[in-house]
Amino acid sequence: MNGTLEDREAIRDVITAYAHAIDRRRWGIMDHLFHDDAQFQFGTIIGDWRGFVEQARAVIDPCLITQHQLGQVLFGFESDSVCHTETYMTAMHTIPPGYPLADVFPDKGKVYSAVIAGRYVDRFEKRAGANGQEWRMAQRTGLYDWREFRDVEGVDLSGMPEGSCGYHDERDPSTPAAAKWLG
């Protein structure tokens, strides 16, 4: 079973919206990506998806900036309503001095970059929702393939002109593109 192009694109939209939600700190988008009973595991974060979001905010919000790059997606349709995926990702995190979670990213006393490369291995299910049948994650497992810490220069963009950098609020130019997910 290969799934339809529409099914593949609906699933890819969820995968992409997840990265957008984290990088733009639009945590409310997560409500549209997971089924209510979905489970999540990434490293030491294990449990239901709502617990994951709380823990992810504690990890991500203190970062100066994050950017998740998504790569190839492998689709394994089990049926018309179940699809397993594997998505390659590279996640960049700019860590400030005094970062509060040393077990996640050590406090090096200076700004540095933490790069994580890995994969999201997901189980998607198409179920009845507010907008009819919709694909959402029922299980997400995040896997590390490698990570590294890099010394960086020039990451402070505070001197850049207004409108030339991304924002973590409605000023970000991506807001119209994310409107479907923002409710």
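Which side chain of opposite charge is nearest to D23, and how far away is it? In this predicted model, D23 is buried yet has no salt bridge, and the nearest side chain of opposite charge is that of R25, 5.4 Å away. Because a salt bridge requires a side-chain nitrogen of Lys or Arg within 4 Å of a carboxyl oxygen of Asp or Glu, the distance of 5.4 Å between D23 and R25 does not qualify. Leaving aside neighbours within four places in sequence, D23 is in contact with T66, Q67, H68 and H168.

**Helix α1 and the sheet**

D23 belongs to helix α1, and R25, which follows just after α1, takes a positive phi of about 60°. The helix covers residues 5-23, and its 19 residues should span 27 Å at 1.5 Å a residue, which agrees with the 27 Å between its end C-alpha atoms. Its buried residues include D7, I11, V14, I15 and Y18, as well as D23.

The strands form an open sheet of six in the order β2-β1-β6-β5-β4-β3, with mixed pairing. At the edges lie β2 (45-48) and β3 (65-77), each of which pairs on one side only, and the twist averages 20° from one strand to the next. Helix α1 packs on this sheet, touching β1 (34-42), β3, β4, β5 and β6 (132-151), and its direction makes about 160° with that of β3.

Strands β3 and β4 run antiparallel and are joined by 11 bridges, among them the one that partners L74 with E86 in β4; a hairpin of four residues connects the two strands. Strand β4 (residues 82-95) also pairs in the antiparallel sense with β5 (residues 112-129), over 14 bridges, and here C83 has F124 of β5 as its bridge partner.

**Salt bridges**

In contrast to the unpaired D23, other charged side chains do meet, and the structure holds 19 salt bridges. Three of them are listed here.

| Salt bridge | Closest N to O distance |
|---|---|
| R140 and D122 | 2.7 Å |
| R123 and E125 | 2.8 Å |
| R171 and E162 | 3.7 Å |

The pair of R140 and D122 links distant parts of the chain, with R140 in strand β6 and D122 in strand β5, 18 residues apart, and both residues are buried. In the second pair, R123 is partly exposed, with a relative accessible area of 27%, whereas E125 counts as buried at 14% relative accessibility. R123 and E125 are also linked with D37, E78 and R127 in a network of salt bridges. In the third pair, R171 is partly exposed at a relative accessible area of 44%, while E162 is exposed at 65%.

Key
Residues are numbered from 1 along each chain as its sequence is written. This is a predicted model: local features need pLDDT of at least 70, side-chain atom pairs count only at pLDDT 80 or more; totals for chains, interfaces and linings use all residues. Side-chain values use heavy atoms; hydrogens and water are left out. The expected span of a helix is 1.5 Å times one less than its number of residues. Buried means under 20% relative accessible area, exposed over 50%, partly exposed in between (1.4 Å probe, protein chains only). Lys and Arg count as positive and Asp and Glu as negative; His and the chain ends are not counted. Contact means heavy atoms within 4.5 Å. Two strands pair if DSSP finds at least two bridges between them. Axes are lines fitted to C-alpha atoms, for helices over the stretch in contact, and angles run from 0 to 180 degrees between N-to-C directions.
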